[in-house]
Amino acid sequence: LYDVLPSQLTFVLLAALASATAVLSLRQDALPLALLGFGVAFFAPLLTSTDQGNVVLLFGYYLLVNLAVAWLAHRRTWKVFNLLGATATFGIAALWGWQSFDPSIRWPMQGLLLAHVLLYLFVVVRYSQLLTLQKTPTPNSDSNELNTTTFNTTPPKTAASIRSLVT
């Protein structure tokens with residue numbers, strides 16, 4: 001950050017910090033720790049950007065981060081955590097699509113967008129399954145309601161991202 005360390009080293013350190021935080025949040029059942037770690041994971045590429053503009057690599061990295069979100073969502077019922085991942089991914093995708101879309105990478109980006117949509121549909125379905133299997137609520141779990149927030153906001157975010165990629 002701020003040319004104190006090389007951007008690649010800073011990115012690796014921030015990614016390692018996010019990974020360690022994710023593991024600790026699962027072990028401690030600590031939602032705030034998970035939010036902090038994944039907040040760092042989502043914004044590490046933006047903080048260490050060198051303005052080279054490799055967007056396919058950026059969203060490939062986000063796919064890895066979102067796989068970790070899905071892995072954690074498979075084990076915990078943290079609705080706000082799922083919403084953080086979906087909002088960060090689709091928000092950055094829509095912002096990029098509206099500001100600096102490059103038609104030469106339309107199809108790789110469409111494939112990555114489809115992968116993110118399918119991943120978040122899994123997250124929503126798994127969240128609902130965990131709620132129905134859960135006998136008593138855990139201290140950090142959300143109330144026993146379906147994850148309508150993530151489920152209902154994923155299609156508009158996807159539509160906005162697709163619109164920015166098609167037009």
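How many helices and how many strands are there in the protein chain? The chain has six helices and zero strands. This is a predicted model. Read along the sequence, its pattern is α-α-α-α-α-α. The chain holds 167 residues, and 44% of them count as buried. Take the contacts between residues at least 6 apart in sequence: 78% of these join residues at least 24 apart.

Start with the core. The largest nonpolar core has 38 residues. Phe38, Phe42, Phe59 and Phe81 touch the most other members. Five helices each supply at least two residues of this core: α1 (7-28), α2 (31-47), α3 (55-73), α4 (79-100) and α5 (106-133). Which of them gives the most? It is α3, with ten residues.

So to α3 itself. Its 19 residues should span 27 Å at 1.5 Å a residue. The end C-alpha atoms of α3 are 26 Å apart, which agrees with that expected span. At the start of the helix, a side-chain oxygen of Asn54 reaches to within 3.2 Å of the backbone nitrogen of Leu57. The buried residues of α3 begin with Val55, Leu58 and Phe59 among them. Tyr61, Tyr62, Val65 and Asn66 are also buried. So are Val69, Ala70, Leu72 and Ala73. These buried residues pack against α1, α2, α4 and α5.

Phe59 is a good place to look closer. It is one of the four core residues that touch the most other members, and it is a buried residue of α3. Which residues does Phe59 contact, leaving aside its neighbours within four places in sequence? They are Thr89, Ile92, Ala93, Met109, Leu112 and His116.

Now turn to the pairing of α1 with α3. Their axes lie 11 Å apart, and the two helices pack at an angle of about 10 degrees. Angles under 35 degrees count as roughly parallel, and α1 and α3 are therefore roughly parallel to each other. From α1, the contact uses Phe11, Ala15, Ala22, Ser25 and Leu26. From α3, it uses Tyr61, Trp71 and Leu72. Of these, Tyr61 and Leu72 are among the buried residues of α3.

Last, follow the chain out of α1. The loop between α1 and α2 contains Asp29. Asp29 is not a glycine, yet it has a positive phi of about 55 degrees. Is Asp29 buried or partly exposed? Its relative accessibility is 21%, so Asp29 counts as partly exposed. The cut-off for buried is under 20%.

Methods. Residues numbered from 1 in each chain as written. Predicted model: local features only at pLDDT ≥ 70, side-chain atom pairs only at ≥ 80, totals over all residues. Heavy atoms only, no water. Core = buried A, V, L, I, M, F, W, Y, C linked by side-chain atoms within 4.5 Å. Buried < 20%, exposed > 50% of the residue type's maximum accessible area, 1.4 Å probe, protein only. Helix = DSSP H or I, 4+ residues; strand = E, 2+ residues; numbered from the N terminus. Contact = heavy atoms within 4.5 Å. Expected span 1.5 Å × (residues − 1). Polar contact = N/O pair within 3.5 Å; in protein donor to acceptor, adjacent residues only side chain to side chain. Axes fitted to C-alpha atoms, helices over the stretch in contact; angles between N-to-C directions. Parallel < 35°, antiparallel > 145°, perpendicular 65-115°, else oblique.
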